[in-house]
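Here are a few notes to help you find your way around this one. Keep the model open as you read.

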Amino acid sequence: MEFTTPLFSEFKIPDTLSKPLHNIATKIVDGQRIDVSEAVTLYENADLALLSQLANLINYRINGSNVYFNKNFHIEPTNLCVFNCKFCSYHRGASDPLSWVLSLSDIEEQAKKYIGSDVTEVHVVGGVHPKWDIDYYGKMIKTIKKILPNIHVKAYSAIELDYVIRKAKLSYSKGLSILKEYGLDSIPGGGAEIFDHEVREKICPDKASSEAWLQIHQAAHELGIASNATMLYGHIESYKNRAEHMNAIRNLQDKTGGFNSFIPLKFRSANNQLEYLGEVNLVEDLRNFAVSRIFLDNVKHLKAYWPMLGVENTKLAIAFGADDIDGTIDDTTKIYSMAGAEEQKPVMTVEKLTQLIRDAGRQPVERDSLYRIVKMY
Ligand code: V47
């Protein structure tokens with residue numbers, strides 16, 4: 001299917017818009033940056049059709065009609081965790097039958113399943129184990145690379161990194177360069193949650209601060225290690241908190257250029273201490289994708305993580321600015337299924353991923369972890 005909708009090349013701002021919205025839309029169409037208060041106005045007042053058109057305009061300028069996926073799997077080394085984040089449905093105490101801890105030989109066995117396959121990335125993330133140190137984190141990477149020498153290892157959230165690097169009494173830069181020596185290729189976006197201090201104090205009081213998260217990603221970028229950024233939304237945060245969160249990411253990206261993608265993660269409420277909040281609806285998800293795409297003009301890719309959204313909602317997210325849907329996954333992650341996401345066994349074939357993208361009217365493109373094209377479908 002060809003991507004020919006005229007509004008992506010010539011979009012006329014409706015005369016019927018209120019003055020503030022008209023001014024914001026004009027800035028966006030003219031390629032100017034919007035600020036935090038303008039993002040809040042979009043969240044509060046823009047209708048879905050306008051948000052979709054503006055987000056598509058920005059996305060089309062950056063990514064054309066391409067929508068990316070990759071062939072990947074996860075390794076989740078443990079769900080023991082020294083922290084007690086209230087939104088987490090995943091962590092368990094050591095005596096809980098639902099807890100797990102992988103040894104290096106378990107990790108070796110998991111990696112061996114992919115010998116001879118054309119998977120390009122492993123995403124390694126888990127709880128923060130009280131006894132592991134930086135060398136163990138390094139050895140996990142080395143174990144994977146011994147079995148799969150060409151795989152890209154995207155590993156460890158800034159929360160895990162902060163813990164082990166500080167435990168080793170090293171600077172972030174030194175700790176990350178040690179892990180790079182072991183084979184770390186890039187860093188996933190987890191642990192950002194919402195940077196606002198008051199919200200963070202309420203939803204994850206004891207873990208690494210917003211400043212630590214940003215410093216770790218900055219140190220990584222300065223060492224040539226690319227990373228992603230996430231935002232956990234749909235709990236107790238305000239629109240201003242979301243816009244300020246994205247502003248911190250946009251500011252850092254201006255300095256380093258090291259973020260590959262931004263990933264809005266919708267709070268899923270099952271089996272955690274914030275269950276009473278319930279969940280925001282799909283319309284709110286789509287509005288959030290669109291404002292993210294418009295606001296983060298310097299982060300090339302906006303990821304709609306399909307295991308969290310489900311297949312049909314991922315198609316809709318593509319119509320609201322997303323250009324990446326993550327990968328094949330192969331039923332190797334539990335974070336979202338344990339929090340009640342639709343996909344209880346997340347696994348997708350390439351045929352299904354490419355069909356999802358075609359159903360959304362776009363061009364499926366397999367990418368590697370740095371968004372280099374592997375294959376056009
Ligand atoms: O930091 C935890 C989130 C993140 C819940 O970089 C929850 O490519 C919603 O970072 N409801 C970890 N979200 C996952 C993550 C990620 C996922 C996909 C791709 C990439 C990437 C990174 O998951 C945590 C937290 O923000 N999370 N519990 C929950 N109940």
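**Notes on the cavities and the ligand**

1. Let's start with the smaller space. The second largest cavity has a volume of about 70 Å³. It is lined by 13 residues, and those closest to its centre are Glu121, Lys154, Asn228, Asn260 and Ser369. Bear in mind throughout that this is a predicted model.

2. Which elements give two or more residues to the lining of the second largest cavity? They are strand S4 (152-155), strand S5 (186-187) and strand S6, the last of which spans 226-233. The largest share comes from S6, with 3 residues. Sorted by class, this lining holds 6 polar, 4 charged and 3 nonpolar residues.

3. Now for the overall tally: the model has 2 cavities of 30 Å³ or more. The largest cavity encloses about 770 Å³ of space. Its lining is made up of 41 residues, and Phe87, Gly190, Gly191, Glu193 and Ile335 are the closest to its centre.

4. If you want to trace the walls of the largest cavity, look for helix H6 (158-167), strand S6 (226-233) and strand S7 (259-266), the elements that each give two or more residues to the lining. S6 is worth a second look, as it also gives residues to the lining of the second largest cavity. By class, the lining of the largest cavity counts 19 nonpolar, 14 polar and 8 charged residues.

5. Where does the ligand sit? You'll find it in the largest cavity. The ligand is surrounded by 23 residues, and the closest are Phe87, Lys154, Gly191, Glu193 and Lys303. Phe87, Gly191 and Glu193 are also listed among the residues closest to the centre of that cavity, while Lys154 is listed among those closest to the centre of the second largest one.

6. A few contacts to check on screen. A nitrogen atom of the ligand lies 2.8 Å from a backbone N or O atom of Phe87. At Gly189, a polar backbone atom is 2.8 Å from an oxygen atom of the ligand. Glu193 uses its side chain: one of its polar atoms there lies 2.4 Å from a ligand oxygen.

7. How much of the ligand's accessible area does the protein cover? The figure is 94% of the 620 Å² that the ligand has on its own. In the shell around the ligand, S6 and S7 are the elements that give two or more residues. That shell divides into 10 nonpolar, 8 polar and 5 charged residues.

Methods: Residues are numbered from 1 along each chain as its sequence is written. This is a predicted model: local features need pLDDT of at least 70, side-chain atom pairs count only at pLDDT 80 or more; totals for chains, interfaces and linings use all residues. Side-chain values use heavy atoms; hydrogens and water are left out. On a 1 Å grid over the protein atoms alone, a cavity is a set of points where a 1.4 Å probe fits but cannot get out, and a pocket is an open set with protein on both sides within 12 Å along at least five of seven lines; lining residues have an atom within 4 Å of a point. Grid points are joined across faces, edges and corners, and a volume is the space filled by probe spheres set on the points. Helices (H or I, at least four residues) and strands (E, at least two) are DSSP runs, numbered from the N terminus. Ala, Val, Leu, Ile, Met, Phe, Trp, Tyr, Cys and Pro count as nonpolar, Asp, Glu, Lys and Arg as charged, and the others, Gly among them, as polar. A residue is near a molecule or strand if one of its heavy atoms lies within 4 Å of it. A polar contact is a pair of N or O atoms within 3.5 Å; within protein, one must be able to donate a hydrogen and the other to accept it, and residues adjacent in sequence count only if both atoms are side-chain atoms. Accessible areas come from the Shrake-Rupley method with a 1.4 Å probe; for residues, only the protein chains shown count as cover. A molecule sits in a cavity or pocket if more than half of its atoms lie within 2 Å of its grid points.
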